[in-house]
Amino acid sequence: MKIIRLGLALVMAAGLAAACQKSPGAVDAKRLAAAAGNAEWLSYGKDYNEQRFSPLDKVSAANVGELGLAWHAQFDTDRGQEATPLMVDGVLYTSTAWSKVFAFDAKTGKLLWKYDPKVEGAKGFDACCDVVNRGVAIWDGKVFVGTIDGRLVALNAKTGAVAWEQQTTDKSKPYTITGAPRVVKGRVLIGNGGAEYGVRGYISAYDAQTGKLAWRFYTVPNPNGQPDGAASDKVFAEKAAATWSDGDWKKTGGGGTVWDSIVHDPELNLVYIGVGNGNPWNHRIRSGGKGDNLFLSSIVALNADTGEYVWHYQTTPAETWDYTATQHIMLADLNIGGAVRKVLMQAPKNGFFYVIDRANGKLISAKPYTNITWATGVDPATGRPIETANARYAAGPELQVPGPLGAHNWQPMAFNPKTGLVYIPTNIAPFQYTDEKGFAYKAGAWNVAVDFTANATPPDPATLAQLNKMIHGQLLAWDPVAQKAVWTVEHPHFWNAGVLSTAGGLVFQGNAQGEFAAYDAASGKKLWSSPVGNGVIAAPMTYELDGEQYVAIMVGAGGGGQISAPGSLPARPRLPGRLMVYKLGGKAAPPAFPAPPQLPPLDLNQIKSSGDAQHGFALFHQNCQVCHGPNASGGWMPDLKRSPITASAESWKQVVIDGANASRGMASFARFLSPKDAEDIRAYVLSEARTAAAVATPAAPAASQRARAPAAGGGR
Ligand code: CA
């Protein structure tokens, strides 16, 4: 133990010396390679292993009860907060919704600078899962952020001034960036999102100094059959293009976006990327029901210098459920059967926990980490899942877990090498998969070829109760060698937060009901918790400065968690995002959040619509549900059932067709809906408002408990 501590002190002293000599944020390959053992947080997952394990132990199971707020900051957006802050040379860097970047003195919380890329509000339409940002990267005095409109921006770490900026995507297509960049060998690696709408996925590497493109790897073949002049050309010509058949992917681009996990192994000189779902989701429509469609839902290992293919492991061949393999990839050396193996671990959406030999991509083991109904296991010989009879919903609708949100989503997990456990934030929400009848690709629209009207809230209470019973979330401690659960903490709601693990024997996690908590790493016993005033989805991080250990977390509910599950989340208050930083004996108290304004119910006797509510029901669930919730329940957005905009046909048209609220993220739908369609949707929302009013009682407004009120003041 003493030796480890001495080593840590030396690494810290070396870091300090480097900081004195160079500009702030002088992170280089050597410093990043040593980061696993140090007191800072240098990259999205802390270091290149992405274990999210800190060796700090000043905050421990013995004293975590004394944890209190050291400082906090409040942001100017009320959308979801998904970022993990970095702490380098005494400065804490974080990003918020709408891709803004902030730098704080990590000890005092003093704001040093901020940067706003000024993303056009209407671009929010292209973000399937909120206008979130998961964090920044830092290298050689520069801070890098990917923006929701597809730019990669390099900022001076000391001043926040723009050093360079690159548009990494075709602006005419619905690409977005929500993920954190990573820096590998002096190049900034960045992917993108958009596979629900219709894009072709890839990852790019840009020179950190100049912003010049170094290489690009596409994850799906070029629909025109031609090479791209990219690092991926060879593998598609040799084998991957042959796994695709005729289908709508030739119109949509096929999907396969690399929107989250990008991990570097310096020793093997590889970069591992997690690849997303196909577009459309429905494999029958996308690829005629034929072929595995490489590299959808795969982990792909690339040469870190050239971006060329080395190996792949496809978790979900012929993906047809939005079962991405973009989820957190972490590296570890595990003792398996008496031998130390270099592995990578992933708990992708499909519900299997994978341990893979990261040198060659061979499966070591895979077991379901939660209840799943689409497959019974993974064939150890082929590595392919053994699917259940109607998993592909060919014979009709199939109510299945996991749904498109996965058994685990982007919320990072953590590993503790001392307990040997991986801590996974699981989310179980069922989804009824069924073909969208008459599906026709519309450029730029939600194009999944799966019928979302089948996932409206069931009208009868018994079915709803049955569904709600299936929905739950867990903090799961998983033994990756034995492939079994060791302990679980049950959460009442399914969409909870990412995880941090520390040498203090602690696991930290926030949750949907607005609590930040610490658990005993060995037993799962809750040792400390503190209310934070809003739901939490982001992962915490920790750092040491001047002898004190700090634990930081971004607070703000949001993200993709509303898309499939009826009635499963607490009201999402429209409250400004916050950064909360704790230390032992911290005494700061944040000002209370203002009570979220509750809009009064509309005077439904006075409001009429000429629209066709039944037609509006179908249009709503295909066009509006993902943001506004099944049955207009609220989603991440204001409750349309109480919105003054719903009160008149004219104000509704101004917003839905004319784009009056585009600057706040509500783009015009004139590309996809006629004014008559819009009025039909309004008629449907009014019918839901009437249903809510009918069942509400003054004492307990059961049906409106899920209603969300918009923030006063019109922030975004
Ligand atoms: Ca997706």
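A cavity, on a 1 Å grid over the protein atoms alone, is a set of points where a 1.4 Å probe fits but cannot get out. I kept that wording in my notebook, and I also noted that grid points are joined across faces, edges and corners, while a volume is the space filled by probe spheres set on the points.

**Ground rules.** I am reading a predicted model, in which local features need pLDDT of at least 70, side-chain atom pairs count only at pLDDT 80 or more, and totals for chains, interfaces and linings use all residues. Residues are numbered from 1 along each chain as its sequence is written, and side-chain values use heavy atoms, with hydrogens and water left out.

**Cavities.** I looked up the enclosed spaces and found 3 cavities of 30 Å³ or more. The largest cavity has a volume of about 330 Å³. It is lined by 28 residues (each with an atom within 4 Å of a point), and the closest to its centre are C128, C129, E196, W259 and N409. I sorted that lining into 13 nonpolar, 9 polar and 6 charged residues. For this sorting, Ala, Val, Leu, Ile, Met, Phe, Trp, Tyr, Cys and Pro count as nonpolar, Asp, Glu, Lys and Arg as charged, and the others, Gly among them, as polar.

**Calcium ion.** E196 turned up again here: E196, N277 and D322 coordinate the calcium ion at 2.3 to 3.1 Å. Donors are N, O and S atoms within 2.8 Å of the metal (3.2 Å for Na, K and Ca), and sites may look incomplete because water is not among the atoms. I wrote the spacing of the donor residues as E-x80-N-x44-D. E196 sits in the loop between β12 and β13, and D322 in the loop between β18 and β19, so I had to scroll 126 residues along the chain from one to the other. Helices (H or I, at least four residues) and strands (E, at least two) are DSSP runs, numbered from the N terminus.

**Second largest pocket.** A pocket is an open set with protein on both sides within 12 Å along at least five of seven lines. The second largest one holds about 610 Å³ of space. D170, S172, K173, P174 and Y175 are the closest to its centre among 27 lining residues, which divide into 9 nonpolar, 7 polar and 11 charged.

**Helix pair.** I checked α7 (613-623) against α10 (675-695): they pack at about 100 degrees, with axes 7 Å apart. Axes are lines fitted to C-alpha atoms, for helices over the stretch in contact, and angles run from 0 to 180 degrees between N-to-C directions. The two helices are therefore roughly perpendicular (65 to 115 degrees). Residues in contact (heavy atoms within 4.5 Å) include F617 in α7 and Y684 in α10.

**Backbone oddities.** I found a cis peptide bond between N279 and P280, with omega about -10 degrees. Another cis bond runs from V401 to P402, with omega near -5 degrees.

How values were computed
Angles under 35 degrees count as roughly parallel, over 145 as roughly antiparallel, 65 to 115 as roughly perpendicular and the rest as oblique.
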